[in-house]
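Student: I would like a close look at a single part of this model. Please keep to one strand and its surroundings, and then place it among a few other local features.

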Amino acid sequence: MMQQLTQILKSQFNISESDLSEALKIKDEKGGDVGDILLDKMLISEDQLLSARGIQYQVPVWEKIPMQNIQRDVTQKVPIQFLKKYLMLPLENQTLPAGNTGQRTENETSGPEMTDSGFAIAINDPADFQPLDDLAGILSMQSYDVVLVAKDEIIAAINFAYDMSRDSAEQLVQDMEENDSMIIGELEDTADLLDDTSDAPIIKLVNHILSQSIKARASDIHIEPYQDSFKVRYRVDGILYDLLSPPKWIQASLISRIKVMAKMNIAEKRLPQDGRLEVKIGSMHIDVRVSTIPTTFGERVVLRLLNKTSSLLKLPDLGLNPDRLATMEKLVTAPNGIILMTGPTGSGKTTTLYAILSSLNSPDINIITIEDPVEYQINGISQIQVNPKIDLTFARGLRSIVRQDPDVILVGEIRDHETAEIAVQSALTGHLVFSTLHTNDSAGAITRLVDIGIEPFLISSAVIAVVAQRLIRVLCEKCKERHRPDDLTLQNIGILPDEIKAATVFKAKGCEHCFNTGYRGRIGIFEILELESRLKRLILKSFDANRIQEEAMRLNLVSLRRDGIQKVLDGVTTIEEVLRVTQK
């Protein structure tokens, strides 16, 4: 006779009578399963609930699903939505202690053994038996065994199975070449392009390009037309890699599909356009910004990928050593003034500013930002999106922000005299202002402000620090190799002989884990220029960037190159990588 789940939970896991009574009351009022109710109230863990159900139904519980034993043709015969809805996955040549299907006398996690039937189905809820029979019927299973597995493990295995079963990009292109006349007919119908569930090869190809790029942690996808060909490339850790080189005739169809997804005008091919779309891959939500420009050989498209599910970095995660982290923490808690982030596009300025805002974000501080675009939404911070179509510019937005009683203001970028002037006035009237400038180093930001039209005496009064930043690739921990650089290389970068003796230097090799690049992820190198009294006096006399830089070096400024050298000596990156991003 089957035991009651409540009895098992009470005897095996010491669930109190009052908790069970409350769960049963909720079940009577709202419906549902007692175990799920207790799980939602965090009175039991999922492992405990699975174990209890295993005892109740005499079915074994597994911690992991062996991926190599996933049923081979399930991805062709069963929609992924069906398996995810009912949380089940068929396995073959898989393991349970031999015996009649579903008749188990002990609840235990066992290793792989052959079953009588040769089939098993991993499920999460053994009470939901109708979908089990439906799945067995679809796959022509005469008999099968049942195992219980955690929900997350089943979903991960389903995603893995369907991802691995996807055709490669090359195979998709080959299929398109073999059926070109049929495909062109399909593509003439816009409705087919809008239908994400269509089997049209061009739709499958676009989906594959997106999924492969996201899996490789790409930040951008480039679609580049040439006279007789076109390329698809993606940028991973700041470097562009070739992904695919389809035949030229696919170009128009591929770009049209992307423009339809981004709700852009597919008929207009003579003017630049911008659009955006959202895609979901597994548990990841990706925001994609699409930009097109007309070129001699067709439209060039760039897709900027932003993973909205990734968490914001904190200040300690940026790559600052303890001394410079303390300096940064001191600067960002100043009562007023301007702190400028400088560096080229893609150097991580926005990420650093978001990390700073996250560290300052608290109920007693009013933080308002104006950005173009708003890349991450942060709870507790008011964020304004620039909109030139309605004349909502940085300057106009900033002028309105200062009337909102802010403590901290973030201006996405100082582009003109008006924005710079309002930012300076805001800093001088008691606000802490953060913004970005496009200059090569920290000293160059002072010269840039003067060029924009800000008086040197206002700069020396308002600006408290300038932070220059670059991103360097981090060596892959799985494959990095020890390396002894030659003397010329050490001399070129500026590493002293005594420094190399006390350190271990590595070089990049490449493996499957890092897509054979030798690097995985990026980290920041920083140059923090605090405007001390001597520098402020110098700015009043001269705003020459070289003189400011020389004086700052005398005041122990740690340059971008020097910070990079320290990360080489710490085994974080390579000499070649530091030279690449800090070339004079």
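Through how many residues does a hairpin join β5 to β6?

Tutor: The model is a predicted one, and the hairpin between β5 and β6 runs through 4 residues. The two strands, with β6 covering residues 230–236, pair in the antiparallel sense over 7 bridges. Within this pairing, E224 stands opposite K231 of β6.

On another strand, β10 (residues 298–307), β5 has a further antiparallel partner, here over 4 bridges. In that pairing I221 is placed opposite L303. Strand β5 itself spans residues 218–225, and 7 of its 8 residues are buried, so the rest of the structure largely encloses it. In a regular strand, side chains alternate between the two faces of the sheet.

Charged side chains also connect β5 to β10. D220 forms a salt bridge with R304, with 2.5 Å between the closest N and O atoms. This pair links distant parts of the chain, since D220 belongs to β5 and R304 to β10, 84 residues apart. The two partners can be set side by side: D220 is buried, at a relative accessible area of 6%, whereas R304 is partly exposed, at 34%. In addition, E224, the residue opposite K231, is linked with R233 and R300 in a network of salt bridges.

The structure as a whole contains 25 salt bridges, and two others can be put beside the one at D220. K330 forms a salt bridge with E530, the closest N and O atoms being 3.0 Å apart. K330 lies in helix α14 (residues 322–332) and E530 in strand β19 (residues 519–530), so this pair ties together parts 200 residues apart in sequence. E530 counts as partly exposed, at 24% relative accessibility. The other is between K567 and D563, with a closest N and O separation of 3.4 Å. These two residues are 4 apart in helix α24, which means about one helical turn separates them. Both K567 and D563 are buried.

Some backbone features lie outside β5. A cis peptide bond, with omega about 0°, joins D372 and P373, and P373 is in the loop between β12 (367–371) and β13 (382–385). L87, a residue other than glycine, has a positive phi near 50°; L87 sits in the loop between α6 (80–86) and β2 (88–92) and is buried, at 13% relative accessible area. N556 likewise has a positive phi, near 70°, and is found in the loop between α23 (545–554) and α24 (560–569). N556 counts as exposed, at 68% relative accessibility.

Notes. Residues numbered from 1 in each chain as written. Predicted model: local features only at pLDDT ≥ 70, side-chain atom pairs only at ≥ 80, totals over all residues. Heavy atoms only, no water. Buried < 20%, exposed > 50% of the residue type's maximum accessible area, 1.4 Å probe, protein only. Pairing = 2+ DSSP bridges. Salt bridge = Lys/Arg side-chain N within 4 Å of Asp/Glu carboxyl O.
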